[in-house]
Each structure stands twice: as C-alpha cells, then as structure tokens.
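I opened my notebook for a fresh look at this one. Here is what I looked up, entry by entry.

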Amino acid sequence: MKGKIRIIVSTKRLRYDLTLRRNITIIQGNSASGKTTLIQIIADYQSGKAGPGTEVQCDRKCIVLSGDSDNAITLLKSLSNTIIFVDEQEKFLYSKAFAEAVLNSGCYFVFIVRDALNMLPYSVNEIYYFKNSGYYQNTKQIYNSMHQVYPEMNQSEKIAPSIILTEDSNAGHEMYKAICKDKNTACDTANGKSNIAKYILNNSEKNIFAIVDGAAFGADMQSTMHALKTSPGSYLWTPESFEYLILHSNIIHAEGLNEILKEPENFIESSMYCSWERFFTRLLEDLTKNTIYSYNKGKLNPNYLTKGNITKIKKLLPKITL
C-alpha cells in the first residue's frame, strides 16, 4: 500500500478530515478532543449501526480493530489495502506480537494514543492532534482536522553548538565528525536513539545539536522534547535520515530521483518498508551499487568525505555556527 490517502468521516454534526502519507499515523490529544468519537463513528459505520447522515469517504476500506489480542492479530494478518484504526484502550496495541504484525502488514494504520509506541518505527512528521477548525457555513457541523504536534524547528538565529550529537556511530556520524573537524565543536554519539533524551539531560549545561532519523524517531520525541526544556541552548534536527540527505545533496545523480524525493509516499510500498528510513537506505544502496559511491550504512565510503561532498552535506544543515 502506498500513496497519499484522504479520509473524511462525517455525521450531521461532526466532520473529521485526515490525510495519511505513511503506514503509521499517530493521533494524540487529551480527553474530549474527539479521538474516541472518531473511532466510534467508524466502528458504527463499519457494523451498519451508524445513523442517518453518517459517512466515511475514502477510496480504501476503513475499519476499527478491537477485541482480544489473538483475534485482532489474526484479522490483521488477513487484511490488505485497508486503513486500520486502533484506540489506545486496546491492550494488544502495546504487545510485541501486534507490533510484528503491523511491520509485516501492507495496510495503513491510525493509532489513537497518548503514550509512545516504542516497538514501532514511526515518523516525527506523522504525529498529530485534532483541532477544532471552525464551522460549515449555515450548519453546525464542526471541522476536526489534524495538525502536527512537532512541526519543523523554528529557527530565528544561528545555532552555535558545542556538541553535535548523532544516534549511532555509523555512516552519518562519520560525516558529521568530518564536518566538525578543525572546528571548536565536538561530535559525539548517543549509541542508540533511545539514549538521545538521556544524553541531553546529562549534559544540560552544554549546547547540543542533536541529529536523528526523523522517519523512525516518533516514539522518542516526547522524552526528547522534555529533555530539551532543561537545555535552552540545545536543538533537535529531524531529517528523514542521513541517506535522505545524501540523496538530496546532488552527490548522486539518477533519473527520476527528484520525483521520488518530492513525493516519497507515491514510491514507498508499506508492505516492503516499515519506515521511510529503510526505503531511502535501500534506494541509495541500489543507485550507488558498483560505483565509486557504493553506500554502506555501517561504514561510510571515503569518497563521500571529499571536501566538496562535505560542503554539499553541510549546506543542508540548518543555520549552524561551528
């Protein structure tokens, strides 16, 4: 399953307008924000219990998955090309077996949940909350649209970090270490994305510029944003992945690459890639195979570390003074 999918759920009084771009979308929000109501409307429509004027408009089948864990997972494995909604009250949502079934599925998922789903790799750009956006003219129908919880970093002035922090000590770390060379800036690794928040908390007196793979960092955003509040001079940057930056940098040239980067959702099959980070890694590997830029995520090819290529990656960074 791939592509951008719009879902309009409406009754005589309410209207929800959602646009999905990836296999996993998270909707957060406090009580009475309309999350549970959305689930109930879809469930009633699915079972034929919906009242007059209720409608679910989507070019894909939409269902609510509920019940005991075994039955829910069995049903999930039988589904394809379907939008699956799950409410946070379902216990199976937090199980390892369910997470594995999601990662092997070709469906799109909408999880109504306030807590992080640590076993699933979801994007920081697909975490939303409902916002009452106004009324239809001459009616009392309310809009409920999705708004990003973590929009792009609002940067009003140049950042002057003392440390550039990466998730792991792999290819991306090698590039950022080369960028920091001969500068008054250290380059360190948190040794895992789940350690980013802890690292910032333990070094709150320092100005840290943390770079993470945004395509799979969603579950760690809440703790990291909390940690950043203790370190006013620190920032978090969430590009899709390091491979995504390379593909954007003009180091690699390939026919059709610009089209892919412009609308990745039209090219990423969810049954093959559980996150966009994996897709961009595979794409870069395929495009550079048997060339001087042959890519290996674990160890960066030295040809990427020429002065010219380092400059091309550096240009993609936010305004940063090293």
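How much area does the protein chain expose, and what share of it do carbon and sulfur atoms supply? I found about 16000 Å² exposed, with 46% supplied by carbon and sulfur atoms (Shrake-Rupley method, 1.4 Å probe).

Before going on, I noted that this is a predicted model, where local features need pLDDT of at least 70, side-chain atom pairs count only at pLDDT 80 or more, and totals for chains, interfaces and linings use all residues. Residues are numbered from 1 along each chain as its sequence is written, and side-chain values use heavy atoms, without hydrogens and water.

Overall fold. I counted 10 helices and 13 strands in the protein chain (DSSP runs, H or I of at least four residues for helices, E of at least two for strands, numbered from the N terminus). The C-alpha trace spans about 70 × 45 × 40 Å along its principal axes.

Burial. Of the 322 residues, 52% are buried (under 20% relative accessible area; exposed is over 50%, partly exposed in between, with a 1.4 Å probe and protein chains only).

Contacts. I took pairs at least 6 apart in sequence, and 66% of their contacts join residues at least 24 apart (heavy atoms within 4.5 Å).

Backbone. Most residues other than glycine have a negative phi. Asn81 has a positive phi of about 55°; I found Asn81 in the loop between helix 2 (69-78) and strand 6 (82-87), partly exposed at 42%. Asn290 also has a positive phi, about 60°. Asn290 lies in the loop between helix 9 (276-288) and helix 10 (307-314) and is exposed at 74%.
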